[in-house]
Amino acid sequence: MGKLRLVVLSGAGISAESGISTFRDSGGLWENYDISEVATPQAWKKNMPLVLEFYNQRRKQLYEVEPNSAHFDLVELEKYFDVRIITQNVDDLQERAGSTQVMHLHGELKKVRSSIDEDLVHTLEGWELKKGDLCKLGSQLRPHIVWFGEPVPMMSEAAELTQTADMLLIVGTSLNVYPAAGLVEYARSNTPVYIIDPASLPVAHIPNAVLIKEKATIGMKQFVRTVLPSSPIS
Ligand code: OAD
């Protein structure tokens, strides 16, 4: 028999213990920056240098942090499950930990793309994207990030994947941002849903939800103990 499929929906909280700020916690990024000034197509038109600088700083920080044990536990779980990760995160910590199946719903910090052809994407060398850095069509390169107000290109693929889950694990997301937060609705009605988050998320609307009210590193260990009681990684 094949492995059971574990679909994971992750958010900023899984990378918090690596030292990357979340968005909506106290002290989070959106407390210090106005979303509309840095993470929208309008901001890009109005003040490109500010948007470039915001993402340059995020990218620079990414070179200074490392994956944590929550990322590594998801890698280990590939021995036991067909693990498919749908992340809202734009960092690459999950891939650096070794996960083989990661879908980035909101883009990737280390990638940039043409501002006139969204399929013209490449990996940036180093951390700094500057005004005047052009794609091969001659247009300004922009961060490969899905900004507020833009469609989420991977959404239907993510929804289809969620439908095939034998088990769903939600870790480190406030479930505030749609359409990503709506993915949970696509899980089959009998699919167990585990949620790891230190905050008291309102999850009453999610059938079969088991809340593990812990930070990601501790919560992942608890999750592994629950689904694999005799495994060496628990
Ligand atoms: P949020 O900042 O909205 O939520 C982070 C969640 O992580 C909260 O529920 C926290 O309680 C939880 N958390 C904090 N520390 C944690 C820890 N150590 N372990 C586990 N959980 C922890 O971040 P997201 O839900 O990821 O989009 O935000 C979704 C999207 O909004 C992001 O992808 C980004 C943002 O604006 C774009 O920029 C397009």
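Is Trp-30 buried or exposed, and at what relative accessibility? I looked this up first. Trp-30 has 17% relative accessibility, so Trp-30 counts as buried. I note here that the model is a predicted one.

**Entry: aromatic rings**

I searched the whole structure for aromatic pairs and found eight. One of them joins Phe-23 and Trp-30: the ring centres are 5.2 Å apart and the planes stand at 35°, so I wrote this pair down as tilted. I then checked Phe-23, which has 30% relative accessibility and therefore counts as partly exposed.

Next I took Tyr-55 and Trp-147. Their pair is also tilted, with 6.4 Å from centre to centre and 40° between the planes. I looked up where the two residues belong. Tyr-55 is in helix H5, while Trp-147 is in the loop between E6 and helix H8, so I noted a pair that links distant parts of the chain, 92 residues apart. Both Tyr-55 and Trp-147 are buried.

I followed the ring pairs further and arrived at a cluster. Its members are Phe-23, Trp-30, Tyr-33, Trp-44, Phe-54, Tyr-55, Trp-147 and Phe-148.

**Entry: the sheet of six strands**

In what order do the strands of the six-stranded open sheet stand? I read the order as E3-E2-E1-E7-E8-E9, and the pairing is parallel. E3 and E9 are at the edges with a single partner strand each, so each has one side without a neighbour in the sheet. On average, neighbouring strands of this sheet are turned by 20° against each other, direction ignored.

I went through the pairings one by one. E1, residues 5-10, pairs with E2 in the parallel sense over six bridges. Opposite Ser-10 I found Thr-87 in E2. On to E3, residues 102-104: three bridges join this strand to E2, and the two run parallel. Ile-85 has Val-102 in E3 as its bridge partner, and Thr-87 stands opposite His-104 in E3.

I also checked how covered E2 is. This strand spans residues 82-87, and five of its six residues are buried.

Then I turned to E7, residues 167-171, which pairs with E8 in the parallel sense over four bridges. Ile-170 stands opposite Ile-195 in E8. Four bridges also join E8 to E9, residues 209-212, again running parallel. For Ile-196 the bridge partner in E9 is Ile-212.

Which way do the residues of E8 point? Val-193 and Ile-195 point one way, Tyr-194 and Ile-196 point the other way, and all are buried.

**Entry: helices H9 and H6**

I looked for a helix lying across this sheet and noted H9. H9 lies across E1, E7, E8 and E9, and runs at about 155° to E8.

H9 has a helix partner as well. H6, residues 69-76, packs with H9, residues 216-227, at an angle of about 25°, and the axes are 8 Å apart. The two helices are therefore roughly parallel to each other. I listed the residues that meet: Ser-69, Ala-70, Asp-73 and Leu-74 from H6, and Ala-216, Thr-217, Met-220 and Lys-221 from H9. Sorted by class, this contact has four nonpolar, two polar and two charged residues.

One more residue of H6 went into the notes, Glu-76. Glu-76 is partly exposed, with a relative accessible area of 25%. I compared its place with that of Glu-95: the two are 19 residues apart in sequence and 13 Å apart in space, C-alpha to C-alpha.

**Entry: the sheet of three strands**

I found another open sheet, of three strands in the order E5-E4-E6, with antiparallel pairing. Why is one side of E5 and of E6 left without a neighbour in the sheet? E5 (121-123) and E6 (141-145) stand at the edges and each has a single partner strand, so one side of each has no neighbour there. The average turn between neighbouring strands of this sheet is 45°, direction ignored.

E4, residues 107-114, pairs with E5 in the antiparallel sense over three bridges. Val-112 stands opposite His-122 in E5.

Last, I looked up helix H5, residues 48-62. H5 lies across E4 and E6 and runs at about 135° to E4. This is also the helix that holds Tyr-55.

Key: Residues numbered from 1 in each chain as written. Predicted model: local features only at pLDDT ≥ 70, side-chain atom pairs only at ≥ 80, totals over all residues. Heavy atoms only, no water. Pairing = 2+ DSSP bridges. Axes fitted to C-alpha atoms, helices over the stretch in contact; angles between N-to-C directions. Contact = heavy atoms within 4.5 Å. Parallel < 35°, antiparallel > 145°, perpendicular 65-115°, else oblique. Nonpolar A, V, L, I, M, F, W, Y, C, P; charged D, E, K, R; others polar. Phe/Tyr/Trp six-rings, centres within 6.5 Å; stacked < 30°, edge-to-face > 60°. Buried < 20%, exposed > 50% of the residue type's maximum accessible area, 1.4 Å probe, protein only.
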